[in-house]
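Grab the model and work through these three short exercises. Each one starts with a task and then walks through a solution.

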Amino acid sequence: MYPVIYYDGHCPFCHFWVRILLKYDKKAVFRFAPLSGKSATSYFAKQSRELPQSIVLIMEEKEYLASKAVFGILKILGGPFRLGLLFKFLPLCFTDFVYHTIANNRFVFAKAYRRCFLPQPKHKDRFLD
């Protein structure tokens, strides 16, 4: 089972990071799905939960939110990205605070997309609807 990353499909900041992951995930490990898509809606409905307001990493039937998701992604990505794991030793309340501060201000840097962009044909199999 591949790790799945649920992200805000209307967020230009999230799209930037998804493109980075597509570029550096040489083994094509990750699958992606917007939180507004059918896959995320179905997954969280089965869990009897509302859609979260942060990035979600589903890996080995475990769910990671916010900074824990980021650390999980960095660990899987490996290479020089693993240096980001040094911040994992900071208190979770602090790393989540930093994550949510950036997330809450993401539309300051760029306007929200009105719709999710379609992936390039070569990456289409890595996206869930």
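One cut-off before we start: a residue is buried under 20% relative accessible area, exposed over 50%, and partly exposed in between. Keep in mind that this is a predicted model.

**Exercise 1.** Work out whether W17 is buried, partly exposed or exposed, and place it in the fold.

*Solution.* Start with the location: W17 sits in helix α1. Next, take its relative accessibility, 43%. That value falls between the two cut-offs, so W17 is partly exposed.

**Exercise 2.** Find the nonpolar surface patch that includes W17, and say which helix gives the most to it.

*Solution.* First, list the members: F13, F16, W17, L83, L86, F87, L90, F94, F97, V98 and I102. Together they have about 1,100 Å² of accessible area. Then map them onto the helices: α1 (12-24) and α4 (92-104) each supply at least two residues. The top contributor is α4, with 4 residues.

**Exercise 3.** Look at the backbone of A28 and E60: what is the sign of phi at A28, and what is it at E60?

*Solution.* Begin with the usual expectation: most residues other than glycine have a negative phi. A28 isn't a glycine, yet its phi is positive, about 55°. E60 isn't one either, and its phi is positive too, about 50°.

Now place them. A28 is in the loop between α1 and β2 (31-34), while E60 is in the loop between β3 (56-59) and β4 (62-65).

Finally, check accessibility. A28 comes in at 26%, so it's partly exposed; E60 has 72%, so it counts as exposed.

Key: Residues numbered from 1 in each chain as written. Predicted model: local features only at pLDDT ≥ 70, side-chain atom pairs only at ≥ 80, totals over all residues. Heavy atoms only, no water. Patch = residues over 30% accessible without salt bridge, like charges linked within 9 Å, V, L, I, M, F, W, Y side chains within 5 Å. Areas by Shrake-Rupley, 256 points an atom, 1.4 Å probe, with all protein chains shown as cover. Salt bridge = Lys/Arg side-chain N within 4 Å of Asp/Glu carboxyl O. Buried < 20%, exposed > 50% of the residue type's maximum accessible area, 1.4 Å probe, protein only.
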